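Here are my notes on the model you asked me to look over. I have set them out as numbered points, so you can keep the structure open beside them and go through them one by one.

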Amino acid sequence: MTYLTRDPIAIERLLTDAACPGLGGTCVFLGTVRNGADEHGVTGIEYSGYEEMVEAEFARIIAEVRERWPAARAAVRHRLGLVPVGAASIGIAVAAPHRAEAFAACRYIIEAVKQRVPVWKKELRDDGTAIWVDPSGHPVPAGPQ
Amino acid sequence: MRDGTPGTVRVRFFARYAELVGREETALTVSLPATVEEVVRRLRVELPGAHDLPERPLAAVNSKHVKLDSYVKDGDEVALLPPLAGGSGPVARRYDATLYETA
């Protein structure tokens, strides 16, 4: 099983992977690259990761979901490489018997990803600059490409 | 294992840390027993560019998050992880070693 891709997130594939006839509620989360009011001319984000650990950490998170919501089925893909504004960098689909479990498990996965999965973002700007996105709120200029 | 036995760990750098040290990995021989914190301390002194690494970065050993007081073994892969990028919103701001020391 690989949770990483360098291609656009295939939502239909995620839905197929999560689907099961006995599961009546499906929740999909997409995290997309934005260029909003708080961003400054972002054209895309370059995602890089500690790939072996990303795979291992996703496997641990999915195992935790199975333990907490045994009837749920989850599918996840995270994209690496350059992702343009508006495109998804992560897709999560969770199918469960009812909507409450589907929403809860989907939220659990994305919050765990944000805290534990070693992926880093380099924002590319329309003025040609690039910065490492740092959750401390102090963006750091990126070095030579 | 006797105290003082030498052990070699593979240290990997990612993203901004790889830019700081100008490489993606290095090998470091330490005197065992040694903690991840000792590995970081040695690197900051001995590896060019590594002084700018934080004293207490996020770290992983063999692809698992660890506390800095965890011990390393000969042959381990130690990864120093810049703050994780996923959480730029207000929900999750705590991206340093304390996250795993208090869990």
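1. Asp76(B) counts as buried, because its relative accessibility is 3%, under the 20% cut-off for that class. In this predicted model, Asp76(B) pairs with Lys73(B) in a salt bridge whose closest N and O atoms are 3.3 Å apart. Lys73(B), by contrast, is exposed, with a relative accessible area of 52%. One salt bridge here therefore joins a buried residue to an exposed one.

2. Please look next at a group of linked charges. Salt bridges with shared partners tie Glu52(A), Arg10(B), Arg12(B), Glu25(B) and Glu77(B) into one network. Note the chain letters as you find them: Glu52(A) belongs to chain A, and the other members of the network carry the letter B. Over all chains, the count of salt bridges comes to 16. Side chains of opposite charge can pair when their charged atoms come close.

3. Two salt bridges in chain A are worth a visit. In one of them, Arg6(A) meets Glu51(A), with the closest N and O atoms 3.3 Å apart. This pair links distant parts of the chain: Arg6(A) sits in the loop between strand 1 (4–5) and helix 1, while Glu51(A), 45 residues away, is in helix 2. Arg6(A) is exposed, at a relative accessible area of 54%, and Glu51(A) is partly exposed, at 36%.

4. The other one is local. Asp17(A) and Arg13(A) form a salt bridge with an N to O distance of 3.1 Å. Both residues are in helix 1 of chain A and stand 4 residues apart, so about one helical turn separates them. Asp17(A) is partly exposed, with a relative accessible area of 25%.

5. Helix 1 of chain A, residues 11–18, also holds Ile11(A). Together with Val28(A) and Leu30(A), Ile11(A) makes a nonpolar surface patch of about 200 Å². Ile11(A) counts as partly exposed because its relative accessibility is 34%.

6. Where is there empty space? Rolling a probe the size of a water molecule over the atoms shows where empty space is left. The structure holds 2 cavities of 30 Å³ or more, and the largest has a volume of about 80 Å³. Of the 10 residues lining this largest cavity, those closest to its centre are Trp120(A), Trp132(A), Val133(A), Pro82(B) and Pro83(B). At least two lining residues each come from strand 7 (119–125) of chain A and helix 1 (15–21) of chain B. By class, the lining has 7 nonpolar, no polar and 3 charged residues.

7. The second largest pocket has a volume of about 440 Å³. Its lining counts 21 residues, with Ser48(A), Gly49(A), Phe14(B), Ala15(B) and Glu24(B) nearest the centre. Two or more lining residues come from each of strand 3 (42–49), helix 2 (51–68) and strand 7 of chain A, and from strand 1 (5–13) and helix 1 of chain B. Strand 3 of chain A gives the largest share, 4 residues. This lining divides into 9 nonpolar, 3 polar and 9 charged residues.

8. For an overview of chain B, count 3 helices and 7 strands, which run β-α-β-β-α-β-β-β-β-α from the N terminus. Of its 103 residues, 49% count as buried. Tyr17(B), in helix 1 of chain B, is buried, at 3% relative accessibility. Its C-alpha atom is 12 Å from that of Glu55(B), a residue 38 positions away along the chain.

9. Finally, some backbone details in the loops of chain B. Which form does the peptide bond from Leu32(B) to Pro33(B) take? This bond is cis, with omega near 0°, and Pro33(B) lies in the loop between strand 2 (25–32) and strand 3 (34–35). In the loop between strand 4 (58–61) and strand 5 (64–66), Asn62(B) has a positive phi, near 50°. Ser63(B), in the loop between strand 4 and strand 5, has a positive phi near 70°. Is each of these two residues buried or partly exposed? Asn62(B) is partly exposed, at 39%, while Ser63(B) counts as buried, at 12% relative accessibility.

Technical notes
Residues numbered from 1 in each chain as written. Chains lettered and ligands numbered in written order. Heavy atoms only, no water. 1 Å grid on protein atoms, 1.4 Å probe; cavity = no way out; pocket = protein on both sides within 12 Å on 5 of 7 lines; lining within 4 Å. Points joined across faces, edges and corners; volume = space filled by probe spheres on them. Nonpolar A, V, L, I, M, F, W, Y, C, P; charged D, E, K, R; others polar. Patch = residues over 30% accessible without salt bridge, like charges linked within 9 Å, V, L, I, M, F, W, Y side chains within 5 Å. Areas by Shrake-Rupley, 256 points an atom, 1.4 Å probe, with all protein chains shown as cover. Salt bridge = Lys/Arg side-chain N within 4 Å of Asp/Glu carboxyl O. Buried < 20%, exposed > 50% of the residue type's maximum accessible area, 1.4 Å probe, protein only.
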